Structure formats: structure tokens, C-alpha cells
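Here's a quick tour of a structure you have in front of you. Grab the viewer and follow along, section by section.

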Amino acid sequence: MTLSLSLPEARRLALAAQGFTRAPRGAIGQRQLRAQIERLGVLQIDSVNALVRSHYLPAFSRLGHYDPALLDELAWGKPKRRGLFEYWGHEASLLPLELYPLLRWRMRRAADGQGIYRQLAEFGRQQQDVIQRVLQTVREQGALGAGSLSTRSERAGPWWDWSAEKHALEWLFAAGEVTVAGRRGFERLYDLPQRVIPAAQLEHPEIAEAEAQRQLLLRSADALGVATERDLRDYYRLDASDAKARLVELVEAGELLPVTVQGWKQAGYCRGEPSIPRRVRGSALLSPFDSLIWERERTERLFGFRYRLEIYTPPDKRVYGYYVLPFLHHERLLARVDLRSERAHGRLAVHAVHLEEALLSEEALHSLAEELRALAQWLGLEAVALTCRSPAAALLRPLLQG
């Protein structure tokens, strides 16, 4: 059986799967936060801190005001209270602990130097003395950062100019020999998995590689609602050959159903016959690394919204700005807002506002202003400051002053 969806139906299904249909009630505690992250299945980590570290934003976009310390505790708190671990999921990521056994095959591949780990494995083959020395130091001393292990006498250069010890830690981390126990600022602190990962996950019976990949694809399907093969494998960055083989198996087993979506050239897939909301109402500002939009081609297929990061684009060649958040309103992406946390001045600076349409409805403009105020309040900033001059900014300014 092949299902058929209109584009609006596919869009609502995707938004529901990503957690945009349930308005939170009351204060947001760790239970609600954990449930939201488990629904998403992964939070991408990024080093840019122009606004706030990106892994904090998806929960705010869906739940509203919550205490980021709750996320810190889930990710890096005392082992008995943890619900997340760091590993390569969708890039560097925070993942629910129950996924740890499903990624052991990836750790084995890293140790063997397969796939994307070939270059790192070359270091593993040539520098075992450094690797073993670093691992022994971690065993003896506990959670350590790369900086405290480095034997380099000269000052380190840019981030890619890693010391041998940093290379060793990255190899050990990819291979699952160490994990992230905490962070000092944004620096990872590495420790042995048995001192960080609960025994239930660490000692879980071995899961065959193919089975683990099937389960990851099913989790991707749950998180995406409806998705192409490329969408599904991108969510946890599976190899194309693995994903295609597992997808055939899942369809044959009836665990994924083929779907045709209006305007999509590729076949889609979903978990069973979907329950599609009649409508999705609500507004949110989205991190550039939000799982709703991180696969840019999918974002264009679902929303007709072409989105590219311009962080590494020279300033004079940027079209929309340095750290641009799409504005989601009632099932559509209606604007792009270039934002900065100017903590020294206690304000959320709006450096640019670009509308996708010539004119937004009064309701959409009010919602954008409210989202900006809510974001500033959540970040502990006293005001929202429009630092740009544009027709869109002129429309927003009186709403932000009110």
C-alpha cells in the first residue's frame, strides 16, 4: 500500500512529529524537557555562541521558557540523574541514553577506521603510544580536557591545529573508549564510559549492526513524520549503502510505509498510517541547527524556504546575516531574523529582519514581536533592540515598544 499526502498534510505531519502541536501547560520541569528531547531523538551541538549555544534553543522553540540548567543536568550532571550523552549523532550531538547501545557499531567502525573515520584512524594506527598514554592518564585522573593533557610547548593555533593529545582524545571518543563527562565552558571533559554511562546502557546485550541501523531509521521516521530515504539517513548520519539496505528491509516488514507527497520527486516513508493534525497553530524562532530545518533540501521541499548558513560567508557577501533564525508561524516559515545576545548591554539585538512575503498579517507581526520578547526574557536580557532600518523593522518597532 502506498499512501498519498498533499504538501500541507506532509508539512503538518512533520511539525507534529517535531513537537510543535502540543502547547505546554504550567512550568517546564525536567520530565517535560526529557520527553521533548526523547521525541526529537537528538540535539545538535555547535560552538557558535552569538545568541546562545544551539542545543538549548530547540526546547525553547517548542516548550517556551525553561531553565537551561535542567538541560545541563540531563547532559552533564551526576550520572544517576543523566538522561543524555554526547556522541556523533547528527554531527556532534546530545542523544538520549537509550540510543547508546544503538551506536556501538559506529564506535567499532571508528576504531577500525571505516567510513568517515579513515583520517582519524590513520592517527590511531601510527600513534598508539600517545593514545595509550592519554587513556591511562584519564583512567588515573578522571575527567580531563585536551588542554590539560597537551605536551606542546608552543601556543596552539586555530581549532584544526590539534595537539597529539587532542587527536588521541578524539580517536578514543569516536571509538567509545572515552566519553564526555562534562564541559568547562565549551571544552569537553573526557572520562571513562563506566564512570559516566549507566550500567544498563553500557552493559546492554550486543545489538547487531543491521538491527541497530533499522532502529535508528525508525526513530528518524518517528521524529520526521514523513521523510525521503535521504531525510531518514541524514537524521543520524547513516551511510547511504547501509540506509538503503535497511530501508528495503523495513518496508518489506511493514514497519515503514511508502508515501507519495505532492511535489516531491523522491518517494516518502512514514510509520504506519499517519494521524495528521487538521491544523498547526503557534509561532517559534528556530535555531539554524534545529532538526526541523537542518536538512536544507527538505526544508525547501516542505516549506518552500531556501535556507543557508552565512556564518562563514564574508560580511559583504551575506544576504541575510550572520546568525539568522527562521520564524515559524502557523505552518509556514515567514521571516528570517538576524539576532545577537549583547550581554554587556543587556539586550537582544535584531540586526536584520527579512520577510518572505511583501506583507505579513497583523497577527503574524504581533507573534514575531512576542517571540522576540520571550526570547530576550528567557536569555535574561532586558530589552529587544532593533539595530536595523528596513520596512520590516519599521513595522516591528512600535510593537516592540508597546
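## How far to trust it

Start with the weak stretch: over residues 153-161 the pLDDT stays under 50, and the model gives that stretch three contacts beyond four places in sequence. This is a predicted model, so keep that segment in mind as you look around. Elsewhere the overall numbers read like this: the chain averages a pLDDT of 92, and 95% of the residues score at least 70.

## Helix α1 and its surroundings

Go to helix α1, residues 7-17, which is mostly covered, with nine of its eleven residues buried. The buried set is L7, A10, R11, R12, L13, A14, L15, A16 and A17. Notice that R11 and R12 are on that list.

What sits over those residues? The cover includes the strands β1 (3-5), β8 (257-261) and β11 (324-329), along with the helices α2 (30-40), α11 (209-224) and α14 (296-303). After α1 comes G19, with a positive phi near 90°.

## Two open sheets

One open sheet has three strands, ordered β2-β4-β3, with antiparallel pairing. At its edges are β2 (43-44) and β3 (84-89), each with a single partner strand, so one side of each has no neighbour in the sheet. Between β3 and β4 (residues 91-96) there are six bridges, again antiparallel, and F85 stands opposite L95 of β4. As a general point, side chains in a regular strand alternate between the two faces of the sheet.

The other open sheet has four strands in the order β1-β8-β9-β7, and its pairing is mixed. Here β1 and β7 (227-228) are the edge strands, each pairing on one side only. Two bridges link β7 to β9 (residues 268-270) in the antiparallel sense, and A227 has Y269 in β9 as its bridge partner.

## The β5-β6 hairpin

Is strand β5 largely enclosed or left open? Five of the six residues in β5 (179-184) are buried, so the strand is largely enclosed by the rest of the structure.

Its partner is β6 (residues 187-191), which runs antiparallel to β5 and is joined to it by five bridges. T179 stands opposite D191 of β6. The two strands make a hairpin with two residues between them, and G185 in that turn has a positive phi of about 70°.

## Positive phi without glycine

Two residues are worth a click if you like checking backbone angles. E91 isn't a glycine, yet its phi is positive, about 60°. E91 sits in strand β4 and is partly exposed, at 35% relative accessibility.

H330 is the other one: it has a positive phi near 45° and isn't a glycine either. You'll find H330 in the loop between β11 and β12 (332-342).

## Cavities and a pocket

How many cavities of 30 Å³ or more turn up in the whole structure? The search finds three. The largest cavity holds about 40 Å³ of space, and its lining is made of Y307, R308, L309, E310, Y320, G321, Y322, V324 and R336. By class, that lining has five nonpolar, one polar and three charged residues.

Now for a pocket. The second largest pocket has a volume of about 370 Å³. It is lined by 24 residues, and P24, S61, R62, S283 and E371 lie nearest its centre. Two or more lining residues come from each of α3 (57-63), β10 (283-285) and α15 (362-378), with α3 giving the largest share, four residues. The lining of this second largest pocket divides into ten nonpolar, nine polar and five charged residues.

## R373 on helix α15

Last stop: R373, which lies in helix α15. R373 is partly exposed, with a relative accessible area of 30%. Leaving aside neighbours within four places in sequence, R373 is in contact with V384, L399 and L400. If you want a distance to check in the viewer, the C-alpha atoms of R373 and G83 are separated by 30 Å, and the two residues are 290 residues apart along the chain.

Conventions:
Residues are numbered from 1 along each chain as its sequence is written. This is a predicted model: local features need pLDDT of at least 70, side-chain atom pairs count only at pLDDT 80 or more; totals for chains, interfaces and linings use all residues. Side-chain values use heavy atoms; hydrogens and water are left out. Buried means under 20% relative accessible area, exposed over 50%, partly exposed in between (1.4 Å probe, protein chains only). Two strands pair if DSSP finds at least two bridges between them. Contact means heavy atoms within 4.5 Å. On a 1 Å grid over the protein atoms alone, a cavity is a set of points where a 1.4 Å probe fits but cannot get out, and a pocket is an open set with protein on both sides within 12 Å along at least five of seven lines; lining residues have an atom within 4 Å of a point. Grid points are joined across faces, edges and corners, and a volume is the space filled by probe spheres set on the points. Ala, Val, Leu, Ile, Met, Phe, Trp, Tyr, Cys and Pro count as nonpolar, Asp, Glu, Lys and Arg as charged, and the others, Gly among them, as polar. pLDDT is the predictor's confidence in each residue, from 0 to 100.
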